[in-house]
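The following paragraphs lead through the chain fold and the nonpolar cores of the model shown here.

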Amino acid sequence: MNLTIIYNLIQGPLVWLSLTVFIAGIAFQTWRLTKMMQTNVNDRRIPEKELIAPKALSKKENFLRKLFFLKLSVLGVNPLVVFISLIFHLCLLITPIFVTAHAVLLEKFFGIGWLSWFSWSPQTTHFTTGIVLACGFFFVVRRVIIRRVRAITTIYDFMMLALALTPFLTGYLAHEGMGDYSSMIAIHILSGELMLILIPFSKFFHMIFFFLSRFTIVNEYSLGAPKRSWQF
Amino acid sequence: MESNTNPTPDKPVIQSILAEHKKQIKIGLTMCAHCSLCAESCFLYMSHEGDPQYMPSYKFLHSVGRLYKKKGDVSRAQLETMRDLVFENCVLCTRCYCPMGIDIPALITLGRRICRSQNLFRNYDR
């Protein structure tokens, strides 16, 4: 097949297809999961005011109490992993939005010009891309060397991690002119589209599921004030 | 002694329990990011010098998770290993923490139910 046909395909119809699957898939899966939930759950938790000791806590005591709670939380137990996960996910989500080249493409094809006002300088983009790649490398090493992570790791985990990192690596290499530019860009676009298509139907859906389950399901560790429970 | 009472697992019974809880198991399996952040929330894991077999996610992935992936087609020996995971390695204190909010105790309870249906219980005299 002619290379131009492939480029036209991945830059045209496939973009639309992946975006449609991404948005419709997320909407569908969210709807499906919400249907599995039961509303108006009888809240049997003890009201917070009854949990606090009757004696009013001083400012210092209150602070120590919060500190103690933090120490017991996942942040206090695994601060490094939590911190790296946080910056990894943050950079993974926002970097693509602020890449100048993406803003240029949007302006060229859709006439959306205002996005380029917010675009980052190449240095900033390189920095956040580097963070994503470095964190990804950390996760790979962690999966291989730490016994408890290795015990539950499958080849699927490495494939998902590789798919998440490929657009960043190829985007960086293409921008830096390393390797063959057209093939780098082709892999960059294809892997990005594949990732978008897979988000609603794979482990990547934890991007939505995290909020759905932690903020809407009543649980000891739930966040906010949820009022639902699973009704499988 | 147990292995003589019922040498081959009753596949249709296991499959019917799995089918009954298909959505729950599927969500658990799909959403588990294999991050292992649940490990320290298990006191048995902490008291067994970090043996992965006591990690909450390991316990559900290698019991109900494995049964679901194999569609209930497991040998008696494999089922006995799962029994050890859900009965011996877990006391169902329900204190495990999952960043994704997966209800791990519910899945381990399901594993226990499947084991009980196959005449596999906790070994109190071990």
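A nonpolar core is taken here as a set of buried Ala, Val, Leu, Ile, Met, Phe, Trp, Tyr and Cys residues joined through C-beta atoms within 7 Å, where a residue is buried if 20 or more other C-beta atoms, placed from the backbone, lie within 10 Å of its own (exposed if 12 or fewer, partly exposed in between). This is a predicted model, in which local features need pLDDT of at least 70 and side-chain atom pairs count only at pLDDT 80 or more, while totals for chains, interfaces and linings use all residues. Residues are numbered from 1 along each chain as its sequence is written, and chains are lettered from A and ligands numbered from 1 in the order in which they are written.

The largest nonpolar core has 47 residues, and those with the most contacts inside it are Cys38(B) and Ile104(B). Elements of both chains give two or more residues to this core: helices H10 (147–152) and H13 (206–216) from chain A, and helices H3 (22–31), H5 (56–69), H6 (76–88) and H7 (104–117) from chain B; helices are DSSP runs of H or I with at least four residues, strands are runs of E with at least two, and both are numbered from the N terminus. Beyond its neighbours within four places in sequence, Ile104(B) is in contact (C-beta atoms, placed from the backbone, within 7 Å) with Cys38(B), Pro56(B), Ser57(B), Phe60(B), Cys96(B) and Cys98(B). A second, separate core of 7 residues includes Cys91(A), Leu92(A), Val132(A) and Cys135(A).

Chain B has 7 helices and 0 strands. Buried residues make up 45% of its 126 residues, and among the contacts in chain B with a separation of 6 or more, 74% join residues 24 or more positions apart.

How values were computed. Two residues are in contact if their C-beta atoms, placed from the backbone, lie within 7 Å.
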